[in-house]
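Work through the exercises below with the model open beside you. Try each task before reading its solution.

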Amino acid sequence: MGKQSNYVSRQPDENGIIAWSDEDNAVWHDLVERQLKHIQGKACDEYMHGLELLDLPQDRVPQLHEVNEVLQSTTGWQVAQVPALIPFDEFFRLLANKQFPVATFIRTREEFDYLQEPDIFHEIFGHCPLLTNPAFAHFTHQYGKLGLNATPKERVYLARLYWFTVEFGLLKTADGLRIYGGGILSSPGETEYAINSDKPERKPLVPLDALRTPYRIDIMQPIYYTIGSTEELFEIADLDIMALVREAMELGLFEPKFPPKPKTDAA
Ligand SMILES: [Fe+2]
């Protein structure tokens, strides 16, 4: 949700069908094929189960109604077609209505490995499997409702909790570290790094700490927060998160564990 995007969402026809180009479908195929290899033994069981339920096509970009049928029958969520970038108000309003925004464009091959804007591969392959999981779905819904009623400053704090769970969360299971964050699961490089590198710090998630931890969207994360199981997301969702946000605002941010972002003229 940056300021600008060079991408434009493809518009659905009157039946909600999007006419993806052959190149779009080929990019989807190559992304899925590659990432399926990378996530083996690294994605959490809940994610793998959701992926099985979704049964995504590999040879073409899925249509949103196909994803909706599965989400509807598992957690009652839906995906909603949106432009490449949407205002925060709209983002929270959708989540509060159990609608997960999906910008209907797919990255170009020039940005095959990494792009800052969330494309349909990130949203569907990265997030939708977990949206079939009741705890994850409940947490995301709760986050949307809180965000909708929050002030702009509170939203910036809230966004950090989302970042360190929905986007970059790890599970510490009896079998070892597993990924549930969609930002990691849609990135081959970070899938490997988050699990196997000894560079990042990994700490048990303390919601107040996550709210106070700065992040950058354009680098591999220097810190990940772990939970013991996705069930913990139910407990976190039921905390008085806005009281924690106010506490975090009073206490202020932790020192960043990354260098400042280089300034560019194009900001
Ligand atoms: Fe995301």
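**Exercise 1. Disulfides.** How many disulfides does a search of the whole structure find?

*Solution.* Start with the criterion: a disulfide is a pair of cysteine sulfur atoms within 2.5 Å. The search of the whole structure gives 0 disulfides. Now check cysteine 44: the nearest cysteine sulfur belongs to cysteine 128 and is 14 Å away, and cysteine 44 is in no disulfide. Cysteine 128 is in no disulfide either; its nearest cysteine sulfur, that of cysteine 44, is 14 Å away.

This is a predicted model: local features need pLDDT of at least 70, side-chain atom pairs count only at pLDDT 80 or more, and totals for chains, interfaces and linings use all residues. Residues are numbered from 1 along each chain as its sequence is written, and side-chain values use heavy atoms, with hydrogens and water left out.

**Exercise 2. Cysteine burial.** Is cysteine 44 buried or exposed? Decide for cysteine 128 as well.

*Solution.* Buried means under 20% relative accessible area, exposed over 50%, and partly exposed in between (1.4 Å probe, protein chains only). Cysteine 44 has a relative accessible area of 1%, so it is buried. Cysteine 128 has 0%, so it is buried.

**Exercise 3. The iron site.** Which protein donors does the iron ion have?

*Solution.* Donors are N, O and S atoms within 2.8 Å of the metal (3.2 Å for Na, K and Ca); water is not among the atoms, so sites may look incomplete. The list is His122 (NE2), His127 (NE2), Glu167 (OE) and Glu167 (OE), at 2.0 to 2.7 Å from the iron ion. Next, read the spacing in sequence: H-x4-H-x39-E. Histidine 122 and histidine 127 are both buried.

Last, the geometry. Four donors are tetrahedral if all angles lie between 85 and 135 degrees; four are square planar and six octahedral if opposite donors are over 155 degrees apart and all others between 65 and 115; anything else is irregular. Here the 4 donor atoms subtend angles of 53 to 138°, so the arrangement is irregular.

**Exercise 4. Two residues of helix α1.** Describe the surroundings of aspartate 24 and glutamine 35.

*Solution.* Helices (H or I, at least four residues) are DSSP runs, numbered from the N terminus. Aspartate 24 is in helix α1, residues 22-39. Its relative accessibility is 10%, so it counts as buried. Contact means heavy atoms within 4.5 Å. Not counting residues up to four places away in sequence, aspartate 24 touches Arg10, Val61 and Ile106.

Glutamine 35 also lies in helix α1. At 1% relative accessible area, glutamine 35 is buried. Beyond four places in sequence, its contacts include Phe121, Phe125 and Thr191.

Key: Helices (H or I, at least four residues) and strands (E, at least two) are DSSP runs, numbered from the N terminus.
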